[in-house]
Amino acid sequence: MSKNSSRTAGRHFLQIPGPTPLPDRILRAMDTPIIDHRGPEFINLAKRVLDGIRTIFKTTNPVIIYTATGTGAWEAALVNTLSAGDRVLMVETGQFATLWKNMAVKLGLKPEFIPTDWRIGADPAVIEAKLKEDKGHEIKAVCVLHNETATGSLSPIAEIRQAIDRAGHPALFLVDTISSLASTDYRHDEWGVDVTVGGAQKGLMLPPGMSFNALSDKAIAASRKSNLPKSFWSWEDMLNMNKIGLFPYTPATNMLHGLAAAIDMLHEEGLDNVFARHARFAEATRRAVRAWGLEILCRDPKYYSPTVTAVVLPDGHDADQLRDLALEHFDISYGMSFGKLAGRYFRIGHLGDTNDLTILGALAGTEMALTLAGVPIKKGGVQAAMDYIVSAHAGSQRAAAE
Ligand code: PLP
């Protein structure tokens, strides 16, 4: 349809699991003249966001803000806490966990990579068993993705903390929340995480290019002993300068204006409401997938992701062709598939500044695209999603009346 047209009407449906669509309010907050990044106005802004971001990570400790994508914050978490040759325990939940593991190897660390079939999250019992085997406490860190964006699985961080404690192991606990922060419950302090890695472009509804390390006292102590080379990523200068509302280099001022707006918006909605909204979209999407008669990649409901659902196509159907066709005809983008499962599935992102009708529109586009692509599906996925969304609203209406 759009082949013969140089213009596509209406808004694009960006259903990738981040970057997510930017709210107009955040765009407007960033659309402002540059200020002196050493002047009083900047110091007020910096103090506001450095304080505010802690409420999103649920920590009273410092949160470092980097002008870098999430990959930079991954590197920062490793190089600040660890030393050459350190053993680290990581879990192969999917492509992003694999990339973090590859980075650890390049940095001179020795990761032990717990394998999975990419269809579940990290199992606390397996981590506990591995740590119990390590009688000499050679493993210096356990590194886990809260949400594996590539496959749509959420790992139970509080349970993994308990598993580390049950093993009586002193390893640091490093968690990537790039595609879960500000979309589902996360508690840096309460869950005893030492470094939480975050990114701007998903639940925080900002453009790509900003990322975070939330710290613990134990992580800061480890950073004083760590011998991996670091300069830009070093926490030390950042912590010192941040104390007076400054950065050691020219910060991304306009992104910080956007971040201030994002923090305000999340609190105005209420974090618990934000989490409930994401849970509703995820369940509605899964019901649609099941009604179509298709398979959800994550095979154990315990690990279902609140932000992205990966949908497996029947044998003989190419998920990349489906994505191309959906883009061409319905102006909708999905997340691609990776690694050993490339071409077998596509991902529906349901996170960020989105609402019930956007999700239903996306699911309608998906049902039509699947039909157009000749994928054998049953009708009624959108209806199943609508029924669920109505029942969820009826439940909250009843609760408000009580
Ligand atoms: N970790 C997770 C869970 C991600 O989803 C991503 C990117 O989507 C990354 C790390 C890498 O972040 P970036 O692409 O911002 O460097």
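This tour moves from the ligand and its surroundings to the sheet and a helix that packs on it, in what is a predicted model.

Begin by selecting the ligand together with the 13 residues around it, among which Thr69, Thr71, Thr149, Asp176 and Lys202 come nearest. By character, this shell divides into four nonpolar, seven polar and two charged residues.

Next, display the polar atoms. A polar side-chain atom of aspartate 176 lies 2.6 Å from a nitrogen atom of the ligand, while an oxygen atom of the ligand has a backbone N or O atom of glycine 70 at 2.9 Å. Select glutamine 201 as well, where a polar side-chain atom lies 2.8 Å from an oxygen atom of the ligand. With a surface shown, consider that the ligand taken alone exposes 390 Å², of which the protein buries 86%.

Now select helix α3, residues 70-81, which gives the most to the shell around the ligand, contributing three residues.

From here, turn to the strands: seven of them form an open sheet of mixed pairing, in the order β2-β10-β9-β8-β5-β3-β4. At the edges stand β2 (63-66) and β4 (110-114), each with a single partner strand, so one side of each has no neighbour in the sheet. Looking along the sheet, the twist averages 20° from one strand to the next.

Then isolate β9 (residues 195-199) and β10 (residues 211-215), which pair in the antiparallel sense over five bridges, and find valine 195 standing opposite leucine 215 in β10. Finally, bring α3 back into view: α3 packs on the sheet, touching β2, β5 (139-145), β8 (172-176), β9 and β10, and its direction makes about 165° with that of β9.

Terms used: Residues are numbered from 1 along each chain as its sequence is written. This is a predicted model: local features need pLDDT of at least 70, side-chain atom pairs count only at pLDDT 80 or more; totals for chains, interfaces and linings use all residues. Side-chain values use heavy atoms; hydrogens and water are left out. A residue is near a molecule or strand if one of its heavy atoms lies within 4 Å of it. A polar contact is a pair of N or O atoms within 3.5 Å; within protein, one must be able to donate a hydrogen and the other to accept it, and residues adjacent in sequence count only if both atoms are side-chain atoms. Accessible areas come from the Shrake-Rupley method with a 1.4 Å probe; for residues, only the protein chains shown count as cover. Helices (H or I, at least four residues) and strands (E, at least two) are DSSP runs, numbered from the N terminus. Ala, Val, Leu, Ile, Met, Phe, Trp, Tyr, Cys and Pro count as nonpolar, Asp, Glu, Lys and Arg as charged, and the others, Gly among them, as polar. Two strands pair if DSSP finds at least two bridges between them. Axes are lines fitted to C-alpha atoms, for helices over the stretch in contact, and angles run from 0 to 180 degrees between N-to-C directions. Contact means heavy atoms within 4.5 Å.
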